Each structure stands twice: as structure tokens, then as C-alpha cells.
Amino acid sequence: MPDGGFVVKFNGKTAFRCYAVAFDYDEGVYKMNNETPQPFPQGIAKIEVIVEDNEIK
């Protein structure tokens, strides 16, 4: 993303880049960029959210 954003990794592998992300453990879903929720992939043990640009306003 040109102005920064987040890199989301599932089990150490980059899954996607986005500007907004939400996780719902009870429902077993994640939502990126306010789109339709998607189910977690099978076998998720670790989720990382990395900031691409340190200048968050």
C-alpha cells in the first residue's frame, strides 16, 4: 500500500495487505478493509499484524 497499512501473516506466511483488519475469535472469521468476513484458514496457530508505515496518524 503506498501510504502504509498492515501486513497480516498466518503461521508466518503473508496472507494479505490491508488498511483495516478485524478478527472475531468466537465466529472464527476475519475481515479486511471492511469487506465480507472470511473464515480462518484451517490449522491457524499464529496470527501476526505488522505495521508497514510507522507514521500512523
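A residue is taken as buried when its relative accessible area is under 20%, as exposed when that area is over 50%, and as partly exposed in between. By this scale Arg17 counts as partly exposed, because its relative accessibility is 48%. The model described here is a predicted one, and the values that follow were computed from it.

The chain contains 0 helices and 6 strands, so that, read from the N terminus, its elements follow the order β-β-β-β-β-β. Of the 57 residues in the chain, 16% are buried. The area exposed by the chain is about 4400 Å², and 47% of this area is supplied by carbon and sulfur atoms. Among the contacts in the chain with a separation of 6 or more, 41% are accounted for by residues that lie 24 or more positions apart.

The largest nonpolar core consists of 5 residues in all, namely Val8, Phe10, Phe16, Cys18 and Tyr30. Two elements, β1 (6-10) and β2 (13-18), each give two or more residues to this core. One of the core residues, Val8, has contacts that can be followed in some detail: when residues up to four places away in sequence are not counted, Val8 touches Lys13, Thr14, Ala15, Phe16 and Cys18, and also Val21, Phe23, Ile47, Glu48 and Val49.

Two of the residues touched by Val8, Phe23 and Ile47, also take part, together with Val49, in a nonpolar surface patch of about 220 Å². Phe23 is placed in strand β3, which covers residues 21-24, and is partly exposed because its relative accessible area is 35%. Ile47 is placed in strand β6 and is likewise partly exposed, because its relative accessible area is 36%. When neighbours within four places in sequence are left aside, the contacts of Ile47 are with Val8, Lys9, Phe10, Phe23 and Phe40; among these, Val8 and Phe10 belong to the largest nonpolar core. The C-alpha atoms of Ile47 and Ala15 are separated by 9.7 Å, although these residues stand 32 residues apart along the chain.

Attention may next be given to charged side chains. Side chains of opposite charge can pair when their charged atoms come close. The structure holds 1 salt bridge, and this salt bridge is formed by Glu52 with Arg17, whose closest N and O atoms are 2.8 Å apart. The pair links distant parts of the chain, since Glu52 lies in the segment after β6 (47-51) and Arg17 in strand β2, 35 residues apart. Glu52 is partly exposed, because its relative accessible area is 34%, and Arg17 is also partly exposed, at 48% relative accessibility.

A further link to the chain around strand β2 is made by Asn33, which is found in the loop between β4 (29-32) and β5 (38-39). Asn33 is buried, because its relative accessible area of 18% falls under the 20% limit. The side chain of Asn33 reaches the backbone nitrogen of Tyr19 at 2.8 Å. With neighbours within four places in sequence left aside, Asn33 is in contact with Cys18, Tyr19 and Ala20, and one of these residues, Cys18, is a member of the largest nonpolar core.

Note on methods: Residues numbered from 1 in each chain as written. Predicted model: local features only at pLDDT ≥ 70, side-chain atom pairs only at ≥ 80, totals over all residues. Heavy atoms only, no water. Helix = DSSP H or I, 4+ residues; strand = E, 2+ residues; numbered from the N terminus. Buried < 20%, exposed > 50% of the residue type's maximum accessible area, 1.4 Å probe, protein only. Polar contact = N/O pair within 3.5 Å; in protein donor to acceptor, adjacent residues only side chain to side chain. Contact = heavy atoms within 4.5 Å. Core = buried A, V, L, I, M, F, W, Y, C linked by side-chain atoms within 4.5 Å. Patch = residues over 30% accessible without salt bridge, like charges linked within 9 Å, V, L, I, M, F, W, Y side chains within 5 Å. Areas by Shrake-Rupley, 256 points an atom, 1.4 Å probe, with all protein chains shown as cover. Salt bridge = Lys/Arg side-chain N within 4 Å of Asp/Glu carboxyl O.
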